[in-house]
Amino acid sequence: MNTQEIQKIYERYVIPNYIRNPILLVKGNGVEIWDAEGKRYLDLFSGWAVSLLGHCHPATVKAIQNQAAKLQHAPNIYYTEPQGMLAKYISEKSFGGQCFFCNSGAEANEAAIKLARIHNSARGKYKIITFSDSFHGRTIATVTATAQPKYHKGFAPLVEGFSYVPFNDIEALRNAIDDKTCAIMLETIQGEGGINIATNEFLKGIRNICNEKGLLLILDEVQCGMGRTGKYFAYQHYGIEPDIMTLAKALGGGVAIGAMTAKKEVAKDLVPGSHASTFGGNPLACSAGVAVFETIEKENLLDNTKKMGEYAMEQLRLLKTQCNIIKEIRGVGLMIGIELAINGSTIIKDCIQAGLFLNCTHDTVIRFMPPLNVKKEHIDEGLGILKSVLSNY
């Protein structure tokens with residue numbers, strides 16, 4: 001089918017809750033992706049950081065094919081090797097916790113919220129503090145946790161027990177804690193909020209406050225985890241550990257999967273019957289996740305992320321000196337934000353027209369999040385296109 005035929009099918013049968021570009025994507029390979037008319041695009045956004053190995057990496061393709069031929073689904077009242085092995089990887093590469101598997105970042109954060117509450121239920125504590133410009137998901141609880149009013153519109157009444165304070169403001173946080181507070185929840189690096197990075201003092205300060213007051217620290221690493229910053233998890237840049245961490249997006253290298261991992265003394269409260277997910281931890285998705293970890297190790301992608309991130313930042317800072325509408329460049333590893341002095345939506349459309357996939361969030365911040373195996377020539381090509389587009393503004 002061509003693009004127009006699929007558009008007509010969508011108009012008739014798909015709820016229009018997305019603003020879609022008039023492009024029918026049909027295949028991808030590495031950092032490249034093609035539409036139905038054969039046009040090639042350079043993908044330096046990776047679908048909200050999902051395709052961290054690029055499109056159709058041979059390792060994940062092989063893992064999915066092999067698993068699909070053996071066992072695609074098994075209920076969680078039985079054991080499967082892929083789920084156990086993926087939990088082992090997550091635990092050993094992070095802080096030694098135990099995992100619960102689901103299908104998305106919103107579900108992982110929902111699980112974290114429920115665990116924080118059930119862990120504190122005997123003490124009557126249930127409130128969770130989150131931060132301005134955060135994004136934690138689209139379920140009714142996670143959208144409440146998201147401290148951006150635009151996502152709340154039309155969904156009242158929201159879930160009781162959430163309060164919001166400014167990001168990177170430790171004193172405002174201290175003042176917001178009361179005797180019903182059970183947890184503090186934040187993204188180590190805010191993605192949807194505009195690539196806002198927690199300061200060292202802020203995150204260490206939160207950890208200290210949680211230790212002092214007996215609160216749980218929940219880190220949402222759905223977008224910034226899985227090597228995106230040059231370490232497996234962004235919190236590892238700070239010398240602290242969370243009590244609960246959530247993952248999704250890149251975890252399956254393109255396959256839908258989410259995970260929550262928690263310290264054993266906290267995780268034990270999620271007892272049988274308290275929470276579940278029918279498809280969570282299914283063999284197909286977990287096999288892809290195992291392949292992702294193995295590929296990161298085999299191809300030394302954490303090191304490549306650091307090197308290519310530094311190179312991209314250098315080139316972007318140079319571009320900033322040549323382009324007046326760039327206000328700031330900020331990021332860690334290959335999670336980079338380019339803040340503009342104008343709305344970036346038209347710029348993104350122009351980039352797509354020129355064969356480059358990027359994204360604009362928070363109206364003015366262009367997100368640059370290529371696969372972790374990106375090469376210099378890809379960065380040069382992409383920034384060349386961006387420079388050409390920006391020169392028209």
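Two strands count as paired if DSSP finds at least two bridges between them. The model used in these exercises is predicted.

**Exercise 1.** Find the bridge partner of Asn-359 in E17.

*Solution.*
Step 1. Locate the strands. E16 covers 359–361, and E17 covers residues 365–368.
Step 2. Check the pairing. E16 and E17 are joined by three bridges, in the antiparallel sense. The cut-off is at least two bridges, so the strands pair.
Step 3. Read off the partner. Asn-359 is bridged to Arg-367 in E17.

**Exercise 2.** Place these strands in their sheet and say which helix packs on it.

*Solution.*
Step 1. Write the order. The four strands run E13-E14-E17-E16 in an open sheet with antiparallel pairing.
Step 2. Mark the edges. E13 (326–332) and E16 each pair on one side only.
Step 3. Add the twist. On average, neighbouring strands are turned by 25° against each other, direction ignored.
Step 4. Add the helix. H12 (residues 345–353) packs on the sheet and touches E14 (335–340), E16 and E17. The direction of H12 makes about 170° with that of E16.

**Exercise 3.** Describe the second largest pocket: its volume, its lining residues and their character.

*Solution.*
Step 1. Take the volume. It is about 730 Å³.
Step 2. List the centre. Of 25 lining residues, Asn-76, Gln-83, Cys-99, Phe-100 and Phe-101 lie nearest the pocket centre.
Step 3. Assign elements. Helix H4 (81–93), strand E4 (98–102) and strand E12 (258–262) each give two or more residues to the lining. E4 supplies the largest share, four residues.
Step 4. Sort by character. The lining has 15 nonpolar and 10 polar residues, and no charged ones.

Note on methods
Residues are numbered from 1 along each chain as its sequence is written. This is a predicted model: local features need pLDDT of at least 70, side-chain atom pairs count only at pLDDT 80 or more; totals for chains, interfaces and linings use all residues. Side-chain values use heavy atoms; hydrogens and water are left out. Axes are lines fitted to C-alpha atoms, for helices over the stretch in contact, and angles run from 0 to 180 degrees between N-to-C directions. Contact means heavy atoms within 4.5 Å. On a 1 Å grid over the protein atoms alone, a cavity is a set of points where a 1.4 Å probe fits but cannot get out, and a pocket is an open set with protein on both sides within 12 Å along at least five of seven lines; lining residues have an atom within 4 Å of a point. Grid points are joined across faces, edges and corners, and a volume is the space filled by probe spheres set on the points. Ala, Val, Leu, Ile, Met, Phe, Trp, Tyr, Cys and Pro count as nonpolar, Asp, Glu, Lys and Arg as charged, and the others, Gly among them, as polar.
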